Amino acid sequence: MTSKFRDRHEAGKMLAKRLTAYTNRENLLVLGLPRGGVPVAYQIASSLNAPLDICLVRKLGVPDQEELAMGAIASGGVRVLNYDVVNSLGIDSRTIDEVTTKELRELQRRYRAYRGDRPLADIKNHIVILVDDGIATGSTMRAAITIIKQQQPERLVVAVPVAAPITYEELQAEVDEVVCLVIPESLYAIGLWYEDFSQTTDVEVWSLLAKQSGINNSDKTYV
């Protein structure tokens, strides 16, 4: 495939066609990484007739270059650092801790906004399909993988529309399966592979989770 995805929903539908072996599995769970991974995951969950939930992870952006990830954090105290970026830019531990503290506040805010009082998904002995809208350095996905593995899934699958070649190869050794539609020689930026890569909002994340689980949207107050 060389053409761009129309948007995240189209990318999710295309990924679902590569995951049909998991359709109607009783112990299947699809987890999207907010925010951009949720529309992709929604289409996969809908196609495979599976529950949809989220795995809350926050990228640790380099100060003044926030799109460049020096690591990521996930709920449960998980922090994964990209030492290639940290060392090449000479980022000190104080800066890393400051960014971590800021992103932890946002992680907690999103937890309240997206989950409310809903219980955490049961992951143990489940087949988990972990979804994002693309992978560059892989820091965010690795943080998600770490927290999922701690909960002992039966099988862990990473599904993304596009990924950097080196990251794709590395992740194959970390999970049971990696499904990716496009692995370009030069990724540059994930957004370049979409015609519409507009930011996914908190409202859209909640709405998609509610739609898949049958929750009444009118009951939600956004934080």
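Helices here are DSSP runs of H or I, at least four residues long, and they are numbered from the N terminus. Keep that in mind for the labels below, and remember that you're looking at a predicted model.

**Stop 1: the sheet**

Start by selecting the strands. You'll find an open sheet of 5 strands, ordered 2-1-6-7-8, with parallel pairing. Colour strand 2 (52-54) and strand 8 (177-182) differently from the rest: these are the edge strands, and each pairs on one side only. Now look along the sheet to see the twist, which averages 25 degrees from one strand to the next.

**Stop 2: strand 6 and its neighbours**

Next, select residues 127-131, which is strand 6. On one side, strand 6 is joined to strand 7 (residues 155-162) by 5 bridges, and the two run parallel. To find your place there, pick Ile-127: opposite it, in strand 7, stands Arg-155. Then turn to strand 1, which pairs with strand 6 over 5 bridges, again in the parallel sense. A handy pair to label here is Gly-32 and its bridge partner in strand 6, Val-131.

Is strand 6 mostly covered or mostly open? Show the surface and check: 5 of its 5 residues are buried. In a regular strand, side chains alternate between the two faces of the sheet. Try sticks on Ile-127, Ile-129 and Val-131 for one side, then Val-128 and Leu-130 for the other; they are all buried, and both faces of the strand are covered.

**Stop 3: the helix on the sheet**

What packs on the sheet and touches strand 1, strand 6 and strand 7? Select residues 139-149 and you have helix 5. Its contacts with strand 1 involve the stretch 28-32, and its direction makes about 160 degrees with that of strand 7. Follow the chain from strand 6 through helix 5 to strand 7, and you've traced a right-handed β-α-β unit.

**Stop 4: Glu-204**

Finally, jump to helix 7 (residues 202-213) and pick out Glu-204. Buried, exposed or in between? Glu-204 has a relative accessible area of 26%, so it counts as partly exposed, given that buried means under 20% and exposed over 50%.

Now show what surrounds this residue. Leaving aside residues up to four places away in sequence, Glu-204 touches His-9 and Pro-39. Add Arg-35 as well: it sits 169 residues from Glu-204 along the chain, yet their C-alpha atoms are separated by 8.7 Å.

Notes
Residues numbered from 1 in each chain as written. Predicted model: local features only at pLDDT ≥ 70, side-chain atom pairs only at ≥ 80, totals over all residues. Heavy atoms only, no water. Pairing = 2+ DSSP bridges. Axes fitted to C-alpha atoms, helices over the stretch in contact; angles between N-to-C directions. Contact = heavy atoms within 4.5 Å. Buried < 20%, exposed > 50% of the residue type's maximum accessible area, 1.4 Å probe, protein only. Right-handed = clockwise from strand over helix to strand, strands pointing away.
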